[in-house]
Amino acid sequence: MRPRTNRDDYHTMSREQQVNLIRLRTGHNRLNAHMNRKFKLAPSPTCACGQEDQTAEHILQRCPLLDEERKEVWPSPTPLQTKLYGSRQELEKTTTFITSAGLIV
């Protein structure tokens, strides 16, 4: 088997960025929903905003506590699919958002 000669956008990112994206994509992350349901390490699956479970979709799309950071990164509404599987520019926006929001995924 020959090594890959061309690399897609995901594989050109740093290891840390790749890890954050794969955790968001799979749901195997350190957000409350997963930590509560899988390991019972979070007291509740609910986000600190109190509106719904803290999932990747919730923090990337709807959490009111992260509205300001979200609008800085994505001034116009952007689908979740684009944030997690889009071009390198979109993937970098997602990892920038996670960092600027102070989230550990």
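How many helices and how many strands are there in the chain? The chain holds 6 helices and 0 strands. The model is a predicted one.

## Overall layout

Read along the sequence, the elements follow the pattern α-α-α-α-α-α. Taken along the principal axes, the C-alpha atoms of the chain fill a box of roughly 50 × 35 × 20 Å.

The chain has 105 residues, and 36% of them count as buried. Among contacts with a separation of 6 or more, 38% come from residues 24 or more positions apart.

## Helices α1 and α6

Helix α1 covers residues 15-26 and helix α6 covers residues 88-100. Their axes come within 10 Å and cross at roughly 90°, which means that α1 is roughly perpendicular to α6. On the α1 side, the residues in the contact are Q17, L21, L24 and R25. On the α6 side, they are L91, E92, T94, T95 and I98. By class, the residues of this contact divide into 4 nonpolar, 3 polar and 2 charged.

S100 also has its place in helix α6. S100 has a relative accessibility of 43%, so this residue counts as partly exposed. From S100 to R88 the C-alpha distance is 18 Å, with the two positions 12 residues apart in sequence terms.

## The nonpolar core

In soluble globular proteins, nonpolar side chains tend to be buried together. In this model, the largest nonpolar core has 16 residues. Which of its members touch the most other members? They are L24, I59, L60, L66, F97, I98 and L103. Two elements, α3 (56-62) and α6, give two or more residues to this core. The largest share, 3 residues, comes from α3.

L66 is one of the core members just named. Leaving aside neighbours within four places in sequence, L66 is in contact with I59, F97, A101 and L103. Of these partners, I59, F97 and L103 are also in the list of core residues that touch the most other members.

## L84 in helix α5

L84 is found in helix α5, which covers residues 80-85. Is L84 buried or exposed? L84 counts as buried because its relative accessibility is 6%, below the 20% limit for that class.

Apart from neighbours within four places in sequence, L84 is in contact with L24, R25, L60 and L91. Among these partners, L24 and R25 belong to the α1 side of the contact with α6, and L91 belongs to the α6 side. The C-alpha atoms of L84 and A56 are separated by 9.7 Å, although the two residues are 28 residues apart along the chain.

## Helix α2 and the loop after it

Helix α2 covers residues 32-39, and A33, H34, M35 and N36 within this helix are buried. K40 follows α2 and lies in the loop between α2 and α3. The phi of K40 is near 60°, a positive value in a residue other than glycine. K40 has a relative accessible area of 63% and is therefore exposed.

A48 is found in the loop between α2 and α3 as well. With a relative accessible area of 71%, A48 is exposed. A48 and H11 are 37 residues apart along the chain, and their C-alpha atoms are separated by 33 Å.

## Cysteines

A disulfide is a covalent bond between the sulfur atoms of two cysteines. How many disulfides does a search of the whole structure find? The search finds 0. C47 is in no disulfide, and the nearest cysteine sulfur, that of C63, is 3.7 Å away. The cut-off for a disulfide is a sulfur pair within 2.5 Å.

Why is the sulfur of C49 not bonded to that of C47? The closest cysteine sulfur to that of C49 is in C47, and because the distance is 3.8 Å, the two are too far apart for a bond. C47 itself is buried, with a relative accessible area of 6%.

Technical notes
Residues are numbered from 1 along each chain as its sequence is written. This is a predicted model: local features need pLDDT of at least 70, side-chain atom pairs count only at pLDDT 80 or more; totals for chains, interfaces and linings use all residues. Side-chain values use heavy atoms; hydrogens and water are left out. Buried means under 20% relative accessible area, exposed over 50%, partly exposed in between (1.4 Å probe, protein chains only). Helices (H or I, at least four residues) and strands (E, at least two) are DSSP runs, numbered from the N terminus. Axes are lines fitted to C-alpha atoms, for helices over the stretch in contact, and angles run from 0 to 180 degrees between N-to-C directions. Angles under 35 degrees count as roughly parallel, over 145 as roughly antiparallel, 65 to 115 as roughly perpendicular and the rest as oblique. Contact means heavy atoms within 4.5 Å. Ala, Val, Leu, Ile, Met, Phe, Trp, Tyr, Cys and Pro count as nonpolar, Asp, Glu, Lys and Arg as charged, and the others, Gly among them, as polar. A nonpolar core is a set of buried Ala, Val, Leu, Ile, Met, Phe, Trp, Tyr and Cys residues joined through side-chain atoms within 4.5 Å.
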